[in-house]
Amino acid sequence: MIKIVKDTEKSLRMPCVDVTLPLSAEDKATLDEMLQYLKDSQDEEFRKAHPEVREGVGLAAPQIGLNKKMLVVYYPVDDEGNYVMHQLVNPKIIVESIKKCYLPGGEGCLSVDKEHEGLIHRAYRIDVKAYEASTGEMVKITARGYDAIVLQHEIDHLSGILFYDHIDKNNPMQPLPGAVAV
């Protein structure tokens, strides 16, 4: 099973390197393993059997000790069995809105055990260009609200940035004017 690197490790603060395309079998296998970890983490029975595993919706390669620009996201979008799922390689935000959003309860991270109270303001809408390993194609993803927050959180990991770096130390719970709670 994947071992999650904690925020006390210096490697989590290092920028990642681009992944060579076409994708190697090893990198594809790593992405598949990361995706399976997220799926397992969302399974209540699995978590009961593995109490060290916390539920997650996104995972970036540096969180498993690989400083490569790769990430996965996986989470349900409705009660009908539909999921957001991506295995992104070399993702880059190419457009972001001026409008900001935040999660009222703050963000969490599989690499961060300590609580960090505060709002993390992120672009409400982003366009991401990346190689989608699940389809083998270059894609442009337009994400809004929660979807945009998840992608920005994971893409930050590829630059050595953690969610709590965005918290305003003077006014941690103060929403920015015009920012939307998601």
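In what follows, Asp, Glu, Lys and Arg count as charged, Ala, Val, Leu, Ile, Met, Phe, Trp, Tyr, Cys and Pro as nonpolar, and the others, Gly among them, as polar. With that in hand, welcome to this predicted model; we will look at the chain as a whole, then at two pockets, and finally at one histidine.

**The chain**

The chain holds 3 helices and 8 strands. Its radius of gyration is 16 Å, close to the 16 Å that the globule rule gives for 182 residues, so the chain is as compact as a globular protein of that length. Measured out along the principal axes, the C-alpha trace spans about 45 × 40 × 40 Å. Of the 182 residues, 45% are buried. Among contacts with a separation of 6 or more, 70% join residues that lie 24 or more positions apart.

**Two pockets**

Rolling a probe the size of a water molecule over the atoms shows where empty space is left. Here are the two pockets to look for in the structure.

| Pocket | Volume | Lining by class |
|---|---|---|
| Largest pocket | about 250 Å³ | 7 nonpolar, 6 polar, 3 charged |
| Second largest pocket | about 210 Å³ | 5 nonpolar, 5 polar, 6 charged |

Which residues lie nearest the centre of the largest pocket? They are Val57, Gly108, Cys109, Tyr146 and His153, out of a lining of 16 residues. Helix H3, residues 146-157, gives the most to this lining, with 5 residues.

The second largest pocket has about 210 Å³ of space. Its lining also counts 16 residues, and the closest to its centre are Glu107, Gly108, Lys114, Glu115 and His116. Gly108 is thus worth finding on screen, as it is listed by the centre of the largest pocket and by the centre of the second largest pocket.

**Histidine 121**

Where does histidine 121 sit? Its place is in the loop between strand E4 (100-102) and strand E5 (122-123). Is histidine 121 buried or exposed? Its relative accessible area is 18%, and because buried means under 20%, histidine 121 counts as buried.

The side chain of histidine 121 reaches the backbone nitrogen of leucine 176 at 3.0 Å. Leucine 176 also appears among the residues that histidine 121 touches, beyond those up to four places away in sequence. The others in that list are Cys101, Tyr102, Gln174, Pro175 and Ala179.

How values were computed. Residues numbered from 1 in each chain as written. Predicted model: local features only at pLDDT ≥ 70, side-chain atom pairs only at ≥ 80, totals over all residues. Heavy atoms only, no water. 1 Å grid on protein atoms, 1.4 Å probe; cavity = no way out; pocket = protein on both sides within 12 Å on 5 of 7 lines; lining within 4 Å. Points joined across faces, edges and corners; volume = space filled by probe spheres on them. Helix = DSSP H or I, 4+ residues; strand = E, 2+ residues; numbered from the N terminus. Buried < 20%, exposed > 50% of the residue type's maximum accessible area, 1.4 Å probe, protein only. Polar contact = N/O pair within 3.5 Å; in protein donor to acceptor, adjacent residues only side chain to side chain. Contact = heavy atoms within 4.5 Å. Rg over C-alpha atoms; globule rule 2.2 N^0.38 Å.
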